[in-house]
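Trainee: I would like to go through this model step by step, with the reasoning laid out for each point. Please show it first.

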Amino acid sequence: MILFIKLVLAHLIGDFLLQPNRWVIHKEANKVTSKYLYFHVLIHFVITMLVLWNFQYWKLVLVIAISHYFIDLAKLYTNPLFKLKSIPFFIDQVLHILVLYICAYSGNLIGQTIFLFEKIDWALLTAMVFVSYPASIVMGKLLEGMSDRIEQDHKSLPSAGKYIGIIERLFVLAFIILGRWEVIGLLITAKSVFRFNDLKDSNSRKLTEYILIGTLLSFGIAILTGIIYTKF
């Protein structure tokens, strides 16, 4: 399980934190000829090796990198077949995680050394990384059909909503780990108070529903991540 957690952490860093949006656009436009597709796979290989910090895993990491290349390539060519871009995104992520699980299981079978005392640290780091930027992207995919129907407020700070969501999810994760569930209720109340004037002034039911769904989804992802972490 520790090996699997490390592989997931490396995947989150390589697929979300270290993949600029311009790379994604370039890959979608140029597909197999895109140089960023190969940069992306190389970054995955390097990051995974750094996270594992054990050269004995290089064959396992190479298998992961090669499978990542073919899964991403298949996604690029099948994207036009789907009306909702979120569908190939989630299929792509499920396939990546499945490969990581199989590789982790295989790594355990061949007797790779895993230290149990690393368990909590790696699990916590993976949980924190996930509820930050990766969770924002997942939420964006889930809400993409709704966001197009909402009028954008040009007075808002750039990406303010994304960073607010990241901070609130990190808070929720911390409170769950500390066993302070009541503070999460206070956090939801505080956010509702701050949002009240905006919703009242806009007088938009669609905006109210969109913010409510986004808030519940954000808190739900953080709570689910916290629960999974506390089970380790």
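Trainee: In which helix is Leu3 found?
Mentor: This is a predicted model, in which local features need pLDDT of at least 70 and side-chain atom pairs count only at pLDDT 80 or more, while totals for chains, interfaces and linings use all residues. Residues are numbered from 1 along each chain as its sequence is written, and side-chain values use heavy atoms, with hydrogens and water left out. With helices taken as DSSP runs of H or I of at least four residues, and strands as runs of E of at least two, numbered from the N terminus, Leu3 is found in helix H1.

Trainee: Does Leu3 count as buried or exposed?
Mentor: The classes rest on relative accessible area, computed with a 1.4 Å probe on protein chains only: buried is under 20%, exposed is over 50%, and partly exposed lies in between. Because the relative accessibility of Leu3 is 2%, this residue counts as buried.

Trainee: What distance separates the C-alpha atoms of Leu3 and Leu100?
Mentor: Along the chain, Leu3 and Leu100 are 97 residues apart. In space, however, the C-alpha atoms of Leu3 and Leu100 are separated by 9.2 Å.

Trainee: Which element gives the largest share of the largest nonpolar core?
Mentor: The largest nonpolar core (buried Ala, Val, Leu, Ile, Met, Phe, Trp, Tyr and Cys residues joined through side-chain atoms within 4.5 Å) has 29 residues, and Leu3 and Leu7 have the most contacts inside it. Two or more residues of this core come from each of H1 (2–17), H3, H4, H5 (86–109) and H6 (119–131). The largest share, 10 residues, is given by H1.

Trainee: Which residues does Leu7 touch?
Mentor: Contact here means heavy atoms within 4.5 Å. Leaving aside residues up to four places away in sequence, Leu7 touches Thr48, Leu52, Ile64, Leu100, Cys103 and Ala104.

Trainee: How many nonpolar residues are in the contact of H1 with H7?
Mentor: The axes of H1 and H7 (residues 133–142), being lines fitted to C-alpha atoms over the stretch in contact, come within 9 Å and cross at roughly 60°. That angle makes H1 oblique to H7, because angles under 35 degrees count as roughly parallel, over 145 as roughly antiparallel, 65 to 115 as roughly perpendicular and the rest as oblique. The contact joins Leu12, Phe16 and Leu17 of H1 to Tyr133, Pro134 and Ile137 of H7. By class, this contact of H1 with H7 has no polar and no charged residues, and its nonpolar residues number six.

Trainee: How is H3 oriented relative to H4?
Mentor: H3 and H4 pack with their axes 9 Å apart, at an angle of about 150°. That angle makes the orientation of H3 relative to H4 roughly antiparallel.

Trainee: Where is Trp53 placed, and what is its phi?
Mentor: Trp53 has its place in the loop between H3 and H4 (58–78), and it counts as exposed because its relative accessibility is 70%. Most residues other than glycine have a negative phi. Trp53, a residue other than glycine, has a positive phi near 55°.

Trainee: Which loop holds Lys31?
Mentor: Lys31 is not a glycine either, yet Lys31 has a positive phi of about 55°. Lys31 lies in the loop between H2 (21–30) and H3 (35–52).

Trainee: How many helices are in the chain?
Mentor: Of the 232 residues of the chain, 39% count as buried. The chain has zero strands, and its helices number 11.

Notes
Axes are lines fitted to C-alpha atoms, for helices over the stretch in contact, and angles run from 0 to 180 degrees between N-to-C directions. Ala, Val, Leu, Ile, Met, Phe, Trp, Tyr, Cys and Pro count as nonpolar, Asp, Glu, Lys and Arg as charged, and the others, Gly among them, as polar.
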